[in-house]
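Please examine the sequence and the three-dimensional structure shown here, and then follow the explanation below.

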Amino acid sequence: MTRISRRAALLGAAGCVCGAAGCTERSPRAAARPRGTTRTGPASPSPRPSHGGELPRTTPWRPSAAEVTPAAKLRAVQLVEALGAWRPGESGTAAARSRVSALHLGPALADQAGPLLPTADAAAVQVIDAQYGGILADSASVLVVCRQWTRTGDRVSAVGTTVDVRLVRTASGWTVTALHPAHPGAAEPRPPSRVRQILSDPHIELPPAARADLLAGRVHDSVLAAMLRLAGTYRMSVSVVRSGHPLDVFGTRRPSDHPRGRAFDVWRIDGHPVVDPGTSRALVERFMRDAASAGSYNVGGPLRPSGGATANQFFSDATHHDHVHIGFRA
């Protein structure tokens, strides 16, 4: 990926270049800032408080003009928001198919919604972030990260998932072709010590699917160690760890490090979204260099720092315009 100021050039890029193993490059680590000096920034959309058995009031997620292709993200999010929220009397697959049809999308997509359509009287959904799993000239993967609340009787339950939404560009715009929801697996009876540390660390924000990935014990220890090390300097909002990510690097047959539990993505640093042009590029570069120092062989983001322990330790492409990818060999 490239700097945000070069966004126009990215639109014509043939696709993402994050290899299965990844890309690399690096330079000296900047001095770590103590936690007390981190700056605050705009938060992701948050549901308003509810009372009793009421569902939270949520807000629609919308892409900013700084996105590489805002229309693709918007289409993916609109579908997830339509599938994941319903009023009393509108539960079930048949009603979900109607909501999908209202978006002028194929109603059969509702059959692929999986955890977005639990059995419940009513539901609300809040998209936390939508990031690229891959972007090519005429196809894309958008990873829609969300929280969901369901109500059955007077009981409200908090759940959530990440959905890999596949799209293609047509003459009339972007349309959805398939959904691949996250399947983290069952939680271990007793999570490892590092997992417990991460889950209790206020400087690490984990969405539901990423949290479930850690609890399932299918994330490599190198990822856990790097999260804790980076949390000593930054507040970071994680988008994707293992589940909900494409199995292969998008547009290739090279296995991605994510499904193997050897990578994680960060969409917000110290309260500042990576995609936001107002976010300090120095902050993003410092974070990328510190990720490399934490052992990552494959650090991608909206810019490419100079140097590196290997020729391609750092990389940048259109897919990583909106987040920092941190991958490990083992």
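A polar atom in the side chain of R151 lies 3.1 Å from the backbone oxygen of G153. The model is predicted, so local features need pLDDT of at least 70 and side-chain atom pairs count only at pLDDT 80 or more, while totals for chains, interfaces and linings use all residues. Residues are numbered from 1 along each chain as its sequence is written, and side-chain values use heavy atoms, with hydrogens and water left out.

R151 belongs to strand β2, residues 139-152; a strand is a DSSP run of E of at least two residues, a helix one of H or I of at least four, and both are numbered from the N terminus. Leaving out residues up to four places away in sequence, R151 touches G53, L55, P88, A120, D121, A122 and V156, where contact means heavy atoms within 4.5 Å. The C-alpha atoms of R151 and T119 are 9.3 Å apart, although 32 residues separate the two along the chain.

Attention now turns to the interior. The largest nonpolar core comprises 37 residues, and L167 is one of those with the most contacts inside it. Such a core is a set of buried Ala, Val, Leu, Ile, Met, Phe, Trp, Tyr and Cys residues joined through side-chain atoms within 4.5 Å; buried means under 20% relative accessible area (1.4 Å probe, protein chains only). Among the elements that give two or more residues to this core are α2 (70-84) and β2, and α2 gives the most, with seven residues. Beyond its neighbours within four places in sequence, L167 is in contact with residues including A72, R75, A76 and W174.

Technical notes: Polar contact = N/O pair within 3.5 Å; in protein donor to acceptor, adjacent residues only side chain to side chain. Buried < 20%, exposed > 50% of the residue type's maximum accessible area, 1.4 Å probe, protein only.
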